[in-house]
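Welcome, and thanks for opening the viewer. Keep a selection box handy, and we will walk through this model one stop at a time.

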Amino acid sequence: MRKLISAAMMGVLLTGFGIGISGCSEESKETATTKISTPGGTTTKTEETSIKQSGQNPPPAPKTTP
């Protein structure tokens, strides 16, 4: 009986550890590269957006129409 309980607890611990490692990082980054062609040549513009925690950058307020 003790082996069954300890095996179940190890499974729970390993599952929690796997979930914690896989997707719960504190920072997320997004990079967008835009290539602009002009008569004088080509320009490349790179924008990087970083979100440190999920609650710091809330979505914009919804637009209401009168």
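**Confidence and layout**

Start by colouring the protein chain by pLDDT: confidence is lowest in H1, with a mean of 80, and highest in strand S2 (residues 41-51), at 82. Remember as you look that this is a predicted model. Over the whole protein chain the average pLDDT is 77, and 74% of the residues score at least 70. A word of care for any stretch that scores poorly: where pLDDT is low, the predicted coordinates should not be read in detail.

Now switch to a cartoon view. You should find one helix and two strands in the protein chain, and tracing the sequence gives you the pattern α-β-β.

**The whole surface**

Next, show the surface of the full chain. Its accessible area comes to about 6,500 Å², and carbon and sulfur atoms account for 60% of that. How many of the 66 residues count as buried? The share is 0%. Among contacts between residues at least 6 apart in sequence, 15% join residues at least 24 apart.

**Stop one: helix H1**

Select residues 2-23, which make up helix H1, and pick out Met 9 within that helix. Then add Met 1, Leu 4 and Ile 5 to the selection: together with Met 9 they form a nonpolar patch on the surface, with about 490 Å² of accessible area between them. Is Met 9 itself buried, exposed or partly exposed? Met 9 counts as partly exposed because its relative accessibility is 48%.

**Stop two: the end of strand S1**

Move along to strand S1 (residues 28-38) and select Thr 38. Show its side chain together with Gly 41: the side chain of Thr 38 reaches the backbone oxygen of Gly 41 at 2.7 Å. With a relative accessible area of 41%, Thr 38 is partly exposed.

**Stop three: Thr 46 in strand S2**

Now select Thr 46, which lies in strand S2. Thr 46 has a relative accessible area of 52%, so this residue is classed as exposed. Which residues does Thr 46 touch, leaving aside those up to four places away in sequence? Display Thr 31, Ala 32 and Thr 33, and you will have them. Try a distance label here too: the C-alpha atoms of Thr 46 and Ala 32 are separated by 5.8 Å, while the two residues are 14 apart along the chain.

**Last stop: the salt bridge**

To finish, look for a charged pair. The structure holds one salt bridge, where the side chains of Lys 45 and Glu 47 meet at 3.4 Å, N to O. Colour both partners by accessibility: Lys 45 is partly exposed, at 43% relative accessible area, and Glu 47 also counts as partly exposed, at 43%.

Notes
Residues are numbered from 1 along each chain as its sequence is written. Side-chain values use heavy atoms; hydrogens and water are left out. Patches are made of residues with over 30% relative accessible area and no salt bridge: like charges are joined within 9 Å, nonpolar side chains (Val, Leu, Ile, Met, Phe, Trp, Tyr) within 5 Å. Accessible areas come from the Shrake-Rupley method with a 1.4 Å probe; for residues, only the protein chains shown count as cover. A salt bridge is a side-chain nitrogen of Lys or Arg within 4 Å of a carboxyl oxygen of Asp or Glu. Helices (H or I, at least four residues) and strands (E, at least two) are DSSP runs, numbered from the N terminus. Buried means under 20% relative accessible area, exposed over 50%, partly exposed in between (1.4 Å probe, protein chains only). pLDDT is the predictor's confidence in each residue, from 0 to 100. Contact means heavy atoms within 4.5 Å. A polar contact is a pair of N or O atoms within 3.5 Å; within protein, one must be able to donate a hydrogen and the other to accept it, and residues adjacent in sequence count only if both atoms are side-chain atoms.
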